[in-house]
Amino acid sequence: MRTSVLAGLAAALPSTFAYHGFNYGATNLDGSVRVQSDYEAQFNAAKSLAGTNGQFTSARLYTSVQGTTGGPNSAFAAAVNTQTSLLLGIWISGNPNIQTEIDAILSAASSQGSAFTDLVAGISVGSEDAYRVTDLGIASGAGPGVDPQGIANYISQVRSGLSGNSALAGKPIGHVDTYNTYANSSNWMAPVVEASDFIGMNAFPYFESTKANGIENANSTYYADLAATEANAQGKPIWVTETGWPSSGPVSGAATASVANAEEYYAQVGCSLLSSGRNVWWYTLQDSTADASVPSFGVVSDLSFTPKYDLSC
Ligand SMILES: *[C@@H]1O[C@H](CO)[C@@H](O)[C@H](O)[C@H]1NC(C)=O
Ligand SMILES: *[C@@H]1O[C@H](CO)[C@@H](O)[C@H](O)[C@H]1NC(C)=O
């Protein structure tokens with residue numbers, strides 16, 4: 001009986017379930033630290049964005065620790081209240097004690113139980129840490145990073161740190177970095193890929209200013225990045241952890257930031273990814289700063305959460 005009910009459901013659902021959502025930084029537009037009510041407002045807004053059929057129900061986070069107060073990220077409780085799934089993040093660059101991050105996840109799992117753990121799509125150990133130690137990252141002043149072997153070591157630490165919690169032990173653990181670190185012809189990221197269950201890939205044709213990176217080439221550039229990452233992925237699934245195009249901001253090589261270009265990027269790259277069966281966390285729902293010199297990737301402009309352009313596919 002149960003089997004036939006499930007079979008009926010499966011026939012009615014898309015063939016593969018995929019997580020779709022946005023990235024969420026730790027600060028609001030005005031620079032204040034996001035608290036639970038901020039995250040709840042954003043998670044609810046993401047689910048009700050015009051034209052998106054309520055598909056943006058997942059949140060990628062960069063850290064598991066709450067801003068200045070410590071303890072679990074308040075986004076966890078907001079996710080429970082809004083039924084938002086989570087790609088958890090563990091901050092490792094320049095972080096001498098990642099155990100604090102692991103403890104924050106364990107603490108939420110013990111206080112909230114399956115209401116929290118059922119929402120966990122996976123855990124990313126780090127974010128763009130290898131990129132920051134490449135020549136490109138150093139030249140752009142990206143700050144401290146971690147080399148691939150160091151990232152792999154942190155992944156093992158997280159794996160063993162969570163292994164005692166049966167609800168978390170089976171969750172996919174991986175890493176997020178820029179496509180060019182994975183695509184490196186020397187296969188520099190092999191230790192990270194080996195240690196990971198999934199490969200989180202960030203790729204932004206807008207920033208690839210050494211190429212002909214105008215919007216007219218953005219789709220082909222994006223898919224070339226994805227193919228180059230896949231070639232070194234050892235068969236591990238690639239999760240789209242960040243991509244997008246800014247609606248305003250500086251010129252980047254041949255790329256211009258504009259609402260029209262952001263809309264075109266979303267229509268081409270966004271819509272094709274969202275229908276591909278991949279997990280996608282778009283960059284991003286709302287900016288984390290109002291600084292006009294920082295490209296504005298937010299798909300909504302303000303607290304009314306009105307899309308800047310058409311988000312239907
Ligand atoms: C490529 O790998 C080499 C090590 O083999 C490293 O020094 C370099 O920074 C890497 N470049 C990128 C863009 O990942
Ligand atoms: C973008 O590139 C992919 C991969 O080559 C292709 O399948 C898709 O049709 C392209 N989309 C557009 C809008 O050109």
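How do the residues of the shell around ligand 1 divide into nonpolar, polar and charged? The shell has one nonpolar residue, five polar ones and no charged ones. The model is predicted, and this ligand is a good place to enter it.

Six residues surround ligand 1. They are Thr134, Asn180, Thr181, Asn184, Ser186 and Trp188. Two of them have a listed polar approach to the ligand. In asparagine 184, a side-chain N or O atom is 2.2 Å from an oxygen atom of ligand 1. In serine 186, a polar side-chain atom lies 2.9 Å from an oxygen atom of ligand 1. Taken alone, ligand 1 exposes 370 Å², and the protein buries 60% of that.

Turn next to ligand 2. Its surroundings consist of Asn219, Tyr223 and Gln268. Asparagine 219 places a polar side-chain atom 2.3 Å from an oxygen atom of ligand 2. On its own, ligand 2 has 360 Å² of accessible area, of which the protein covers 37%.

Now the empty space. Rolling a probe the size of a water molecule over the atoms shows where such space is left. The largest pocket has a volume of about 1,300 Å³. Its lining comprises 44 residues. Closest to the pocket centre are Glu128, Phe204, Phe207, Glu242 and Tyr283. Several elements give two or more residues to this lining: strand β1 (20–24), and helices α6 (129–132), α7 (135–139) and α10 (179–183). By class, the lining has 19 nonpolar, 18 polar and seven charged residues.

What about enclosed space? The count comes to one cavity of 30 Å³ or more. About 60 Å³ of space lies in the largest cavity. Of the 13 residues that line the largest cavity, Gly25, Ala26, Tyr39, Thr63 and Asn73 are the closest to its centre. The lining of this cavity divides into seven nonpolar, five polar and one charged residues.

Covalent cross-linking comes next. A disulfide is a covalent bond between the sulfur atoms of two cysteines. How many disulfides does the count come to? The count is one. Cysteine 271 is joined to cysteine 313, with an S to S distance of 2.1 Å. The pair links distant parts of the chain, 42 residues apart. Cysteine 271 sits in helix α13 (residues 259–274), while cysteine 313 sits in the segment after β8 (280–282). Why is this disulfide left-handed? The torsion about the S-S bond of cysteine 271 and cysteine 313 is about -85 degrees, so the disulfide is left-handed.

Two backbone details remain. Most residues other than glycine have a negative phi, and most peptide bonds are trans. Each of the next two sites departs from one of those patterns. The peptide bond from tyrosine 283 to threonine 284 is cis, with omega near 0 degrees. Threonine 284 lies in the segment after β8, and cysteine 313 of the disulfide is in the segment after β8 too. Tyrosine 283, on the other side of the cis bond, has already appeared among the residues closest to the centre of the largest pocket. The other site is glutamine 83. Its phi is near 55 degrees, a positive value in a residue other than glycine. Glutamine 83 lies in the loop between α3 (74–82) and β3 (85–90).

Definitions and conventions
Residues are numbered from 1 along each chain as its sequence is written. Chains are lettered from A and ligands numbered from 1 in the order in which they are written. This is a predicted model: local features need pLDDT of at least 70, side-chain atom pairs count only at pLDDT 80 or more; totals for chains, interfaces and linings use all residues. Side-chain values use heavy atoms; hydrogens and water are left out. On a 1 Å grid over the protein atoms alone, a cavity is a set of points where a 1.4 Å probe fits but cannot get out, and a pocket is an open set with protein on both sides within 12 Å along at least five of seven lines; lining residues have an atom within 4 Å of a point. Grid points are joined across faces, edges and corners, and a volume is the space filled by probe spheres set on the points. Ala, Val, Leu, Ile, Met, Phe, Trp, Tyr, Cys and Pro count as nonpolar, Asp, Glu, Lys and Arg as charged, and the others, Gly among them, as polar. A residue is near a molecule or strand if one of its heavy atoms lies within 4 Å of it. A polar contact is a pair of N or O atoms within 3.5 Å; within protein, one must be able to donate a hydrogen and the other to accept it, and residues adjacent in sequence count only if both atoms are side-chain atoms. Accessible areas come from the Shrake-Rupley method with a 1.4 Å probe; for residues, only the protein chains shown count as cover. A disulfide is a pair of cysteine sulfur atoms within 2.5 Å. Helices (H or I, at least four residues) and strands (E, at least two) are DSSP runs, numbered from the N terminus.
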